[in-house]
Amino acid sequence: MIEVLEPDDDSRLAGISQPSFRLLIENTADGVLVVDLSGSVLYANPAAGQILGHSREDLLHVPLGRPMAWGEVTEITVNRPGGRPADVEMRVVEVTWDGKPALLASLRDVSARRALEERQRQSQKLEAVGRLAAGIVHDFNNLIAVFESGLRMLEKQLAKDPTHPTVAALVEEMVKRTQNGSALTHRLLAFSRQQPLSPQVTHLNERIRSLTSMLERTLGGGVRIRLDLASDLDPVLVDPDQFDTAILNLAVNARDAMAGAGILTIVTARNVPKELEMVDGLSDSFARITVTDTGCGMSKDVLAQVFEPFFTTKGEGEGTGLGLSQVYGFVNQSGGHVHVESEVGAGTSIHLFLPYAQPDDVSGGKDPPVPPR
């Protein structure tokens, strides 16, 4: 007579005869082992022999050992003689066998499932690498567009008056934009190695003004740029190159959301409105930069995923999903916060809250040179 006892249950829940028991499990695909308390095998069905790599006869009365855990499903690796190791899910329950205490182990070979899962993981990794490569191309294309605009402006100015001070300013600006290319390579390193940023005391208004002429050319004539910059804004402590890249990414996303025609507004503010304050003390410790477009807006479902790497609502080859991920990573690593407001058909506002530089930061180091306007 065999009686099955579930763990942590003193009552005897079921009892069936050994012939009936064997009839039920002889042909099941799951392996079944019954071992005594010393670990010797009292019963093994054919599937158990296949899973363990031994014949059922060889397993009987062999001291396999007593399972150390029971009740919950445990995954083990079975090294089979002359064959590949098998990934096996095992569950052990207490039973009585011929009137004596014993343990029943059910075994399920999940090797094929694990192999399929591993192939899927590898496929996902390859897909992620492909998307990352596409993202690199996307970001470099944006950078090239900025260079192209600047060089065309420089070409026109050289044709008019090569000695005009604007020529030197444009050359200096283009040199500064090369830092964005360097920032991109650092961002790729950060993507894989969490490379630290290089925060500096940064005047946000000046950085934004220095980007405006380039943004006008990059975004096209259909997009008007409005600046509303707080005159009393204190400097912040951020990586200036990463900040430039973040603004560029936000501007390009805004252009695409407006289908190339609309108004892009960039606002800086000294304090954070209470309705946007997400943590205590945010208003006093952070400057706010808000980038607003008059585009199509986003649904709640899209908003929930907007900062996920590689997530994009654009068509194939039109977007990579890395732009907003970079913005979020930069702000988060800088010790700041990001908040997005959007409504379908009503445009989007993305608020960046960046930490103010402390007095020691300002007095202890040199302020970055003011970029040319």
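The following conversation concerns a predicted model of a protein chain, with attention to strand β14 and its surroundings.

Visitor: How many helices and strands are there in the protein chain?
Guide: The protein chain has 11 helices and 14 strands. Of its 373 residues, 43% are buried.

Visitor: Let us turn to β14. Is strand β14 largely enclosed or not, and why?
Guide: Strand β14 covers residues 348-355, and 8 of its 8 residues are buried, so the strand is largely enclosed by the rest of the structure.

Visitor: Which residues of β14 lie on one side, and which on the other?
Guide: On one side are T348, I350, L352 and L354, and on the other are S349, H351, F353 and P355. Both faces are covered. In a regular strand, side chains alternate between the two faces of the sheet.

Visitor: Which strands pair with β14?
Guide: Strand β12, residues 286-293, pairs with β14 in the antiparallel sense over 8 bridges. Strand β13, residues 337-342, also runs antiparallel to β14 and is joined to it by 6 bridges.

Visitor: And which residues stand opposite each other there?
Guide: T292 stands opposite S349 of β14. H337 stands opposite F353 of β14, and H339 has H351 as its bridge partner in β14.

Visitor: What links β13 to β14?
Guide: The two strands form a hairpin with 5 residues between them. In the turn, G345 has a positive phi of about 85°.

Visitor: What is the strand order in the sheet?
Guide: The order is β9-β11-β12-β14-β13, in an open sheet of 5 strands with mixed pairing. Its edge strands are β9 (223-229) and β13, each of which pairs on one side only. On average, neighbouring strands are turned by 15° against each other, ignoring direction.

Visitor: Which helix packs on the sheet, and what does it touch?
Guide: Helix α6, residues 204-219, packs on the sheet and touches β9, β11 (262-269), β12 and β14. The direction of α6 makes about 175° with that of β9. Helix α7, residues 240-257, lies across β9, β11, β12 and β14 and runs at about 25° to β12.

Visitor: Tell me about α7. How many residues does it have, and how far does it reach?
Guide: Helix α7 has 18 residues and reaches 26 Å from its first C-alpha to its last, close to the 26 Å expected at 1.5 Å a residue. Of those 18 residues, 14 are buried, so α7 is largely enclosed by the rest of the structure.

Visitor: What is found at its ends?
Guide: D239 caps the N-terminal end of α7, with a side-chain oxygen 3.1 Å from the backbone nitrogen of D241. Just after the helix, A259 takes a positive phi of about 55°.

Visitor: Changing topic, which residues have the most contacts inside the largest nonpolar core?
Guide: They are L215, F243, L264, I289 and L354, in a core of 43 residues. Helix α7 gives the most to this core, with 8 residues. Another core, of 16 residues, lies apart from it and includes V88, M90, L103 and L107.

Visitor: L354 belongs to β14. What is L354 in contact with?
Guide: Leaving aside neighbours within four places in sequence, its contacts include V236, V238, F243, F286, I289, F330 and V331. L204, S285, A287 and S334 are also in contact with L354.

Visitor: Finally, what share of contacts joins residues at least 24 apart?
Guide: The share is 63%, among contacts in the protein chain between residues at least 6 apart in sequence.

Key: Residues are numbered from 1 along each chain as its sequence is written. This is a predicted model: local features need pLDDT of at least 70, side-chain atom pairs count only at pLDDT 80 or more; totals for chains, interfaces and linings use all residues. Side-chain values use heavy atoms; hydrogens and water are left out. Buried means under 20% relative accessible area, exposed over 50%, partly exposed in between (1.4 Å probe, protein chains only). Helices (H or I, at least four residues) and strands (E, at least two) are DSSP runs, numbered from the N terminus. Two strands pair if DSSP finds at least two bridges between them. Axes are lines fitted to C-alpha atoms, for helices over the stretch in contact, and angles run from 0 to 180 degrees between N-to-C directions. Contact means heavy atoms within 4.5 Å. The expected span of a helix is 1.5 Å times one less than its number of residues. A polar contact is a pair of N or O atoms within 3.5 Å; within protein, one must be able to donate a hydrogen and the other to accept it, and residues adjacent in sequence count only if both atoms are side-chain atoms. A nonpolar core is a set of buried Ala, Val, Leu, Ile, Met, Phe, Trp, Tyr and Cys residues joined through side-chain atoms within 4.5 Å.
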